[in-house]
Amino acid sequence: AFAVFNVHLDHESQNSRERSVALVLERAPQLAAGTPVILLGDFNAGEDNPAAVAVRQAGFVAAYRVSRPDDAWAGTFGGFQGDSTGPMIDHIFLRGGWRVRSADILRRRGTTRDASDHFPVVASVVITG
């Protein structure tokens, strides 16, 4: 058993992002009942943003950073233009009993228009306990 929480945080209000993360971090332990947790989605917050920092301080690890700790080219907002020079604002966070086999950001391939203004973040993980 494991629990998955998917978020889409506000793109304008930092206060809203921080309060939303605080609410998820408060409720997740009650809802997950001690099982491993995946917290993922569009955080609209870079890795150094207080909302993302709060998630890591709560014991979550970023799957992408486990797999690619030194990748400086991790931007996930492409704006339909294929640009990935900005911050990583889409995350897969894990807590309790996970092993990351791999993680990646699926960037534009070819000349077709992107399906989203964000690049998908994917991870292959295994429950270990």
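Mentor: A salt bridge is a side-chain nitrogen of Lys or Arg within 4 Å of a carboxyl oxygen of Asp or Glu. Keep that in mind while we go through this model, which is predicted.

Trainee: How many salt bridges does the structure hold?

Mentor: The general idea is that side chains of opposite charge can pair when their charged atoms come close. Here there are 2 salt bridges. One joins the side chains of glutamate 47 and arginine 65, at 2.6 Å from N to O. Glutamate 47 sits in the loop between E2 and H2 and arginine 65 in helix H3 (residues 63-67), so the bridge ties together parts that are 18 residues apart in sequence.

Trainee: Are glutamate 47 and arginine 65 buried or exposed?

Mentor: Neither label fits, because the cut-offs are under 20% relative accessible area for buried and over 50% for exposed, with partly exposed in between. Glutamate 47 has 21%, so glutamate 47 is partly exposed. Arginine 65, also at 21%, counts as partly exposed too.

Trainee: And which side chains meet in a salt bridge of 3.6 Å, N to O?

Mentor: Those of arginine 68 and aspartate 104. This pair links distant parts of the chain, 36 residues apart: arginine 68 is in the loop between H3 and strand E4 (90-95), and aspartate 104 is in strand E5 (residues 98-105). Arginine 68 is partly exposed at 33% relative accessibility, and aspartate 104 is partly exposed at 25%.

Trainee: Now the inside. Which residues have the most contacts in the largest nonpolar core?

Mentor: The idea is to look for buried nonpolar residues joined through side-chain atoms within 4.5 Å. The largest such core has 19 residues, and the ones with the most contacts inside it are Phe5, Val21, Leu39, Phe43, Val55, Phe60 and Phe93. Strand E1 (3-8), helix H1 (14-32), strand E2 (37-42) and helix H2 (50-57) each supply at least two residues of this core. The biggest share comes from H1, with 5 residues.

Trainee: Which residues is phenylalanine 93 in contact with, leaving aside neighbours within four places in sequence?

Mentor: Click on phenylalanine 93 and you'll find Val37, Ile38, Leu39, Phe43, Ala52, Val55, Arg56, Phe60, Val61 and Ala62. There is also a second, separate core of 13 residues, with Ile38, Ala63, Ala74 and Leu94 among them.

Trainee: What about a polar side chain: is histidine 118 buried or exposed?

Mentor: With a relative accessible area of 14%, histidine 118 is buried. Histidine 118 lies in the loop between E5 and strand E6 (121-127). For a residue like this, check which side chains it meets. The side chain of histidine 118 makes a polar contact with that of aspartate 90, at 2.8 Å. Beyond residues up to four places away in sequence, histidine 118 touches Asp42, Asn44, Thr76, Phe77, Gly78, Ile89 and Asp90.

Trainee: Asn44 turned up in that list. What is the phi of asparagine 44?

Mentor: First the general rule: most residues other than glycine have a negative phi. Asparagine 44 has a positive phi of about 50°, although it is not a glycine. Asparagine 44 is in the loop between E2 and H2, and at 17% relative accessibility asparagine 44 counts as buried.

Trainee: And what is the phi of alanine 33?

Mentor: Alanine 33 also has a positive phi of about 50° without being a glycine. You'll find alanine 33 in the loop between H1 and E2. At 62% relative accessibility, alanine 33 counts as exposed. Glycine 34 is in the loop between H1 and E2 as well, and glycine 34 is exposed at 77%.

Trainee: Last one, on the surface. Which residues form a nonpolar patch there?

Mentor: Read a patch by asking which accessible nonpolar side chains lie within 5 Å of one another. Here Phe2, Val4 and Ile127 do, with about 260 Å² of accessible area together. Phenylalanine 2 comes in the segment before strand E1, and phenylalanine 2 is partly exposed, with a relative accessible area of 46%.

Definitions and conventions:
Residues are numbered from 1 along each chain as its sequence is written. This is a predicted model: local features need pLDDT of at least 70, side-chain atom pairs count only at pLDDT 80 or more; totals for chains, interfaces and linings use all residues. Side-chain values use heavy atoms; hydrogens and water are left out. Patches are made of residues with over 30% relative accessible area and no salt bridge: like charges are joined within 9 Å, nonpolar side chains (Val, Leu, Ile, Met, Phe, Trp, Tyr) within 5 Å. Accessible areas come from the Shrake-Rupley method with a 1.4 Å probe; for residues, only the protein chains shown count as cover. Helices (H or I, at least four residues) and strands (E, at least two) are DSSP runs, numbered from the N terminus. Buried means under 20% relative accessible area, exposed over 50%, partly exposed in between (1.4 Å probe, protein chains only). Contact means heavy atoms within 4.5 Å. A polar contact is a pair of N or O atoms within 3.5 Å; within protein, one must be able to donate a hydrogen and the other to accept it, and residues adjacent in sequence count only if both atoms are side-chain atoms.
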